[in-house]
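Q: I am new to this structure and would like a close look at one part of it. Could you take me through the sheet and what surrounds it, step by step?

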Amino acid sequence: MNTYQLYSRENCHLCHDMHEDLRLWQTRINFQFEIIDIDEHPELAEQYGSMVPVLTTTQGQLLCFGRLDPTVLQKT
């Protein structure tokens with residue numbers, strides 16, 4: 001089973017949208033994801049800043065940002 005990381009921040013409507021989209025896709029594809037609030041990690045806030053939401057593999061491979069691209073879930 002694949003596991004992803006969703007880099008997000010609390011007051012971000014796009015982040016909330018991607019979170020909900022991921023939950024919807026979990027009903028179709030077997031995967032897990034963890035949400036990481038970049039504002040709790042200065043190095044992540046510097047790295048991802050205005051790119052959030054960002055979805056990566058647990059190895060750090062960038063899959064998509066801004067909006068969920070469902071094809072990345074089906075390919076990985």
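A: What follows is a walk through the sheet, then the helix that lies across it, and then the cysteines. The model is a predicted one, and this should be kept in mind throughout.

The sheet is an open one of 4 strands, arranged in the order E2-E1-E3-E4, and the pairing within it is mixed. Strand E2, covering residues 31-37, and strand E4, covering 62-65, stand at the edges; each has a single partner strand, so one side of each is left without a neighbour in the sheet. From one strand to the next, the twist averages 20 degrees.

At the E4 edge, strand E3, which holds residues 54-57, pairs with E4 in the antiparallel sense, and this pairing runs over 3 bridges. Within it, Val 54 stands opposite Phe 65, a residue of E4.

Strand E3 also contains Thr 56, and this residue repays a closer look. Its relative accessible area is 1%, and because buried means under 20%, Thr 56 counts as buried. Leaving aside residues up to four places away in sequence, Thr 56 touches Tyr 4, Gln 5, Tyr 7, Tyr 48, Gln 61, Leu 62 and Leu 63. Among these contacts, Leu 62 and Leu 63 fall within the 62-65 stretch of strand E4, while Tyr 4, Gln 5 and Tyr 7 fall within strand E1, which spans 2-8.

Across the sheet lies helix H1, made of residues 13-25, which is placed over strands E1, E2, E3 and E4 and runs at about 165 degrees to E2.

The cysteines complete the picture. The model has 1 disulfide, and this joins Cys 12 to Cys 15, with the two sulfurs 2.5 Å apart. Cys 15 lies within the 13-25 range of helix H1. The torsion about the S-S bond of Cys 12 and Cys 15 is about 75 degrees, so the disulfide is right-handed. Both partners are buried, Cys 12 with a relative accessibility of 11% and Cys 15 with a relative accessibility of 1%.

Cys 64, by contrast, falls within the 62-65 stretch of edge strand E4. Its closest cysteine sulfur is that of Cys 15, at 12 Å, and this is too far for a bond, because a disulfide requires the two sulfur atoms to be within 2.5 Å. Cys 64 is nevertheless buried as well, at 7% relative accessibility.

Methods:
Residues are numbered from 1 along each chain as its sequence is written. This is a predicted model: local features need pLDDT of at least 70, side-chain atom pairs count only at pLDDT 80 or more; totals for chains, interfaces and linings use all residues. Side-chain values use heavy atoms; hydrogens and water are left out. Buried means under 20% relative accessible area, exposed over 50%, partly exposed in between (1.4 Å probe, protein chains only). Two strands pair if DSSP finds at least two bridges between them. Helices (H or I, at least four residues) and strands (E, at least two) are DSSP runs, numbered from the N terminus. Axes are lines fitted to C-alpha atoms, for helices over the stretch in contact, and angles run from 0 to 180 degrees between N-to-C directions. Contact means heavy atoms within 4.5 Å.
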